[in-house]
Amino acid sequence: MGLEYVKISPGFEKYMPRDYVDLVKFGPFGKTYDVMELGQYKELVEDHPMCAGCYMAYFIRVFYAALPNPEDTIVLGTAGCARLALSQAAVPFVYGNYGDTNAVASGLKRALSIRFPDKHKDVVVVAGDGGLIDIGFGMTMHSWFRKEKFTTIMVDNEVYGNTGGQESGMSPKGVQLKMAPLGKKFDKINAVELAKIAGCVYVAKLAPTNPKRIARTVRRAILAARHFGPTFIHAYTSCNIEYSIPTRDVLADARNREKKDFKFYEWMTDEVKEFLEEVERKEKEVKR
Amino acid sequence: MPEQQRPEQKVVEPEYLLLEAPRERKFITGSQAFAEAVKRANVDVAIAYPITPQSETMHLVGDLYAQGYVKDYYRAEEEYGAMSAIAGAVRGGARAFSATSGPGLLRGLEAIVSWPGHRIPAVLGVMTRVVNAPLSIQPDNIEIAYLLHSGLIVLHAENQQDVFDFTLAGFAISEKVDVYLPVVVATEGFFVTHAKGYVDLPPDDLKLPPRDPYKAPVPPTDCEIPPARIQRDAPVQKSNFMSYLIHAVWQQEVWSSNRRAAKWIKHYLGGLIEVVNPDAEVFIVASGCAAAQGREAQRYATMEGLNVGLVKVKSLRPFPEKELREVLKNAKAVIVPEHNIVGWLAKEVKAVIPNSGIVVDGPRVYGGMTLPVELIMDEIYKAFGIKKERKTVV
């Protein structure tokens, strides 16, 4: 049904909020926009209360622009910065308890598969480094071991930003943060390798320097999860507040990290590769 | 499993299945009684995690999945994950069941006590077991106290028959539009789960209607119907005023819904309480296994010519406040036997009657030991001013 619920019943247009009418008329539901058209249509997320210069907010904007099927997508998040923007988007959002995203998503995806066996209902977790790799670690890993068919996107700002700047498992070694008064004593956790070992069928790592590439990666991860199993994107989304990155330098910082430990990386199983090549070949044909 | 390979079961209304269908007597364990209820409940998703003494129930539910009675089932990573996944499945429109015990319940508690606020109609079996240290696997029921202040509906089963009836009715009650809350069916581990009792069962080729997630005060998260609103604002990021106002009105509604469950508990289970000898001078008020021992004590006392009554509390939430005030209005003493050290039921009873001084604190056993009827008899004799010499054997 998907699109049907987005439409406004005839006669009700004048009673619906302007914002909603605009979303239906000029939004991405049922259409395909290229990410480079951002700003030329009504986007799924607009207002948000995130900090000026927050690179996570930018990543989330591109993420919503990249959804292959926004009218049949459910996003899950947990405590942390990301949910401040995720909860403002015109896509159903589940905000459960601390670090529970991948367990809730497992139950949700299974329920939707039972009830709608012939439809794609995309379930996407967008949560931070703390939510996925610290407090929710067991649930993240086990959702991958169990081969649950949904996408997990880690927006890694290398810190607990929302609670005031504490060390996380994804903070780089040596960095002095709250709760690490002498500097972090162990290495940044290698989430990408964990994802591969745990059974993800598509794994990518990126710094958000290239919107087209972010969009393509998000789209690939979601499409692959529909058919083959868990997919994972590790995105560097710096915290300009806790890491004192001047607002004008956040892109430069991302480019710098891209040269070091966030070089674009993409890995997928052979069957996912074959599938995505086929999907993308067909899309090109349509465009021609 | 394709639909046509599932066992054939006719869908009937809960009224027929629970109240009218012919019943056949079986001699089964409490764990089997849980599974027999799930078999007839048209469950979509069951999620398991091992802990003694609960495990056997979810083994049996796993067998039901293998046979096609339950559509999806898995062994979760641990209880927080299991209970979170239950929330996800129910949000997605499925009917869901899980069960746990003692430490497992406490591990899952953050998720479980948020189900009412998230409006998650599910059924959870709680087979009590010692929590806290020193460790024991025995059926102390202190964990029930942790469940009473969260908005959950909490039923406490005395025996295997109650387990079956409460669990099956639990699914019907939890999904009522004016309730829409999770139902906990608690019972004592081992005493009920691993012991056999007579259970009258309706035929197993009947089942409840499937869950209709659109018959709901809160829509499912399935992108199929207009959402109550596309969530553009999370309360937590509004001003403090908005944040506490929204929480306050939402929780008021949760607790109003909890109270509204009372009429459905009466409808399907005959009342929040059961009273034996309503004209008694001295009452035993008990729930779960303590009610079974109280029942024996009431019988002994009657044989000895003492006017003793029993109030079995079937529903701990909603708590039968009016009912207890009415039954106990002429009582001289109220004895509250319990399987825990804190006496949560005695506190509840004291809080709802005007003359709480008549409540006797106990007898209580804890650590999961059995509750001898003699301990209750001692309190009955005291209440009647009868002095008894206790024969010491050792």
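Two residues are in contact if their C-beta atoms, placed from the backbone, lie within 7 Å. The structure used in these exercises is a predicted model.

**Exercise 1. The contact of chain A and chain B**

Task: State how many residues each chain gives to the contact, and describe the side of chain B that touches chain A.

Solution.

Step 1. Chain B gives 35 residues to the contact, and chain A gives 35 residues.

Step 2. On the side of chain B that touches chain A, the elements giving two or more residues are β4 (72-75), α4 (79-91) and α5 (102-112) of chain B. The largest share of that side, 9 residues, belongs to α4(B).

Step 3. Sorted by class, the side of chain B that touches chain A holds 15 nonpolar, 9 polar and 11 charged residues.

**Exercise 2. The domains of chain B**

Task: Name the domains assigned to chain B and describe how domain 1 of chain B touches domain 2 of chain B.

Solution.

Step 1. The domain assignment divides chain B into domain 1 (3-207) and domain 2 (273-383). Their C-alpha centres are 27 Å apart.

Step 2. To the contact, domain 1 of chain B gives 23 residues and domain 2 of chain B gives 20 residues.

Step 3. On the domain 1 side, β7 (153-156) and β8 (183-188) of chain B are the elements that give two or more residues. The largest share of this side, 4 residues, is that of β7(B).

Step 4. By class, the side of domain 1 of chain B that touches domain 2 of chain B has 14 nonpolar, 6 polar and 3 charged residues.

**Exercise 3. Three helix pairs**

Task: Decide whether each pair is roughly parallel or oblique: α3(A) with α9(A), α7(A) with α8(A), and α2(B) with α7(B).

Solution.

Step 1. Two packed helices are described by the angle between their axes and the distance between the axes. Angles under 35 degrees count as roughly parallel, and 65 to 115 as roughly perpendicular.

Step 2. The axes of α3 (residues 55-66) and α9 (residues 211-227) of chain A come within 9 Å and cross at roughly 55°. α3(A) is therefore oblique to α9(A). Their crossing is right-handed. From α3(A), the residues A:Phe59, A:Val62, A:Phe63, A:Ala65 and A:Ala66 meet A:Pro211, A:Ile214, A:Ala215, A:Val218 and A:Arg219 of α9(A). By class, the residues of this contact are 9 nonpolar, no polar and 1 charged.

Step 3. For α7 (residues 137-145) and α8 (residues 191-198) of chain A, the axes come within 8 Å and cross at roughly 40°. This makes α7(A) oblique to α8(A). A:Met141, A:Trp144 and A:Phe145 of α7(A) meet A:Leu194, A:Ala195 and A:Ala198 of α8(A). The contact has 6 nonpolar residues, no polar and no charged.

Step 4. For α2 (residues 30-39) and α7 (residues 160-174) of chain B, the axes come within 8 Å and cross at roughly 25°. α2(B) and α7(B) are therefore roughly parallel to each other. The crossing of α2(B) and α7(B) is right-handed. Among the residues in this contact are B:Phe34 of α2(B) and B:Phe164 of α7(B). The contact divides into 6 nonpolar, 3 polar and 1 charged.

**Exercise 4. A sheet in chain B**

Task: Give the strand order of the open sheet of 5 strands in chain B and find the strands at its edges.

Solution.

Step 1. The order is β11-β13-β12-β15-β16 (chain B), and the pairing is mixed.

Step 2. β11 (273-276) and β16 (359-360) of chain B each have a single partner strand, so they stand at the edges, and one side of each is left without a neighbour in the sheet.

Step 3. β11(B) pairs with β13 (residues 308-313) of chain B in the antiparallel sense, over 4 bridges. B:Glu274 has B:Lys312 in β13(B) as its bridge partner.

Step 4. Helix α9 (residues 289-303) of chain B packs on the sheet and touches β11, β12 (282-286) and β13 of chain B. The direction of this helix makes about 165° with that of β13(B).

**Exercise 5. Backbone exceptions**

Task: Locate B:Pro318, B:Pro363 and A:Ser244, and describe the backbone there.

Solution.

Step 1. Most residues other than glycine have a negative phi, and most peptide bonds are trans.

Step 2. The peptide bond from B:Arg317 to B:Pro318 is cis, with omega near 0°. B:Pro318 lies in the loop between β14 (315-317) and α10 (321-327) of chain B.

Step 3. The bond from B:Gly362 to B:Pro363 is cis, with omega near 5°. B:Pro363 lies in the loop between β16 and α12 (373-383) of chain B.

Step 4. A:Ser244, a residue other than glycine, has a positive phi, near 50°. A:Ser244 lies in the loop between β6 (231-236) and α10 (250-259) of chain A.

Technical notes
Residues are numbered from 1 along each chain as its sequence is written. Chains are lettered from A and ligands numbered from 1 in the order in which they are written. This is a predicted model: local features need pLDDT of at least 70, side-chain atom pairs count only at pLDDT 80 or more; totals for chains, interfaces and linings use all residues. Ala, Val, Leu, Ile, Met, Phe, Trp, Tyr, Cys and Pro count as nonpolar, Asp, Glu, Lys and Arg as charged, and the others, Gly among them, as polar. Domain bounds come from an automatic or database domain assignment. Axes are lines fitted to C-alpha atoms, for helices over the stretch in contact, and angles run from 0 to 180 degrees between N-to-C directions. Angles under 35 degrees count as roughly parallel, over 145 as roughly antiparallel, 65 to 115 as roughly perpendicular and the rest as oblique. A crossing is left-handed if the near helix is turned anticlockwise from the far one by less than a right angle, and right-handed if clockwise. Two strands pair if DSSP finds at least two bridges between them.
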